[in-house]
Amino acid sequence: MTRLVLWDIDLTLIDARGFGSRWYRRALADVTGKALQRMPDTAGRTELAITTDVLEIHGSTPDEPTIAAMFAALTSAVADTRDELSQRGSALPGAARALTALADEPRFTQTLVTGNLAEVAFHKLESFGLHHHVDFEIGGFGEASVHRHDLIADSVAKAEDRHGGPIAPDAVVVVGDTPHDVAGALRFGAVAVGVATGSSSEDDLRSAGAHAVLPNLADTDAVLAALT
């Protein structure tokens, strides 16, 4: 393995806008009996950070049992709406081609660093047929930490165990649509590739320090060039 590519999911590979607040509304009601009044900022943040904020906003203590119950409820909410997600959400242009192209290149191993819970990440990608080329077992997921750079470190450690040797930080490429993705990559020492398919512009991603910025994933050759 010469390159470990860590993909973000939401607004990098897929568009599931409108679903997140619904899932949290159901989870919060199931776990605490409270109605969701407002959501915190979610862009580029981990599920542990978001869930903690949701509970605090609604006057509930974010202790370990409550957070675990919220995670279970969120996972169930996503699983129960997978058919609707596949119909109303979408894979972003070029995402499937980019994942397939990397799978055909022996110099790349691709997995995820995402704020999503591991099971939620699988449900989201499977809904659009994007799960085939991603190694979920070595991913970094949002239940592990409130900090994205911790998720990167977790994924790299798993990949090192799998491949039996150290992986240099500059052989790790993080692809995401927010300055949080870029900041996590830079904190770890990885290469940061920004994709301006979310609410952050190309200039925003460059200002955050991304080594390369793409308008989207539609040009597969440009994606491969950015990752190398």
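Contact here means heavy atoms within 4.5 Å. With that in hand, a good place to start is Ala77, which touches Trp23 and Arg26 once residues up to four places away in sequence are set aside. The model is a predicted one, in which local features need pLDDT of at least 70 and side-chain atom pairs count only at pLDDT 80 or more, while totals for chains, interfaces and linings use all residues. Residues are numbered from 1 along each chain as its sequence is written, and side-chain values use heavy atoms, with hydrogens and water left out.

Ala77 is found in helix α3; helices (H or I, at least four residues) and strands (E, at least two) are DSSP runs, numbered from the N terminus. The relative accessible area of Ala77 is 1%, so this residue is buried, where buried means under 20% relative accessible area, exposed over 50% and partly exposed in between, with a 1.4 Å probe and protein chains only. From Ala77 to Asp154 the C-alpha atoms are 26 Å apart in space, and the two residues are 77 apart in sequence.

Trp23, one of the residues that Ala77 touches, also takes part in ring pairing. The structure holds two aromatic pairs; rings of Phe, Tyr and Trp (its six-membered ring) pair if their centres lie within 6.5 Å, and planes under 30 degrees apart count as stacked, over 60 as edge-to-face and the rest as tilted. The pair of Phe19 and Trp23 is tilted because the planes stand at 35°, with the ring centres 5.5 Å apart. Phe19 counts as buried, at 2% relative accessibility, and Trp23 counts as buried at 7%. Phe122 and Phe136 make an edge-to-face pair, with 65° between the planes and 5.2 Å from centre to centre. Phe122 lies in helix α6 (residues 118–126) and Phe136 in the loop between α6 and α7 (148–163), so this pair ties together parts that are 14 residues apart in sequence. Phe122 counts as partly exposed, at 31% relative accessibility.

Helix α6 has other residues that are buried, namely Val120, Ala121, His123, Lys124 and Leu125. Their cover includes β2, α1, α3, α4 (82–88) and β4 (108–112). Lys124 has a relative accessible area of 5% and is therefore buried.

Lys124 leads on to the charged pairs. Side chains of opposite charge can pair when their charged atoms come close. A salt bridge is taken as a side-chain nitrogen of Lys or Arg within 4 Å of a carboxyl oxygen of Asp or Glu, and by this rule the count comes to 16 salt bridges. In one of them Lys124 is joined to Asp10, with 2.9 Å between the closest N and O atoms. This pair links distant parts of the chain, Lys124 being in helix α6 and Asp10 in the loop between β1 (3–7) and β2, 114 residues apart. Asp10 is partly exposed, with a relative accessible area of 26%. Another salt bridge joins the side chains of Arg45 and Asp53 at 2.8 Å, N to O; Arg45 is partly exposed at 22% relative accessible area, and Asp53 counts as partly exposed at 23%. Arg107 and Glu105 form a salt bridge as well, their closest N and O atoms being 3.0 Å apart. Asp8, Arg148 and Asp181 are linked in a network of salt bridges.

Asp10 and Lys124 appear again in the largest pocket, where they lie nearest its centre together with Gly20, Thr42 and Ile50. A pocket is found on a 1 Å grid over the protein atoms alone, as an open set of points where a 1.4 Å probe fits, with protein on both sides within 12 Å along at least five of seven lines; lining residues have an atom within 4 Å of a point. The volume of the largest pocket is about 610 Å³, and 30 residues line this pocket. Elements that give two or more residues to the lining are β2 (14–15), α1 (20–32), α2 (47–57), α3 (64–80) and α6. The largest share, four residues, comes from α1. By residue type, the lining divides into 12 nonpolar, nine polar and nine charged; Ala, Val, Leu, Ile, Met, Phe, Trp, Tyr, Cys and Pro count as nonpolar, Asp, Glu, Lys and Arg as charged, and the others, Gly among them, as polar.

Methods: Grid points are joined across faces, edges and corners, and a volume is the space filled by probe spheres set on the points.
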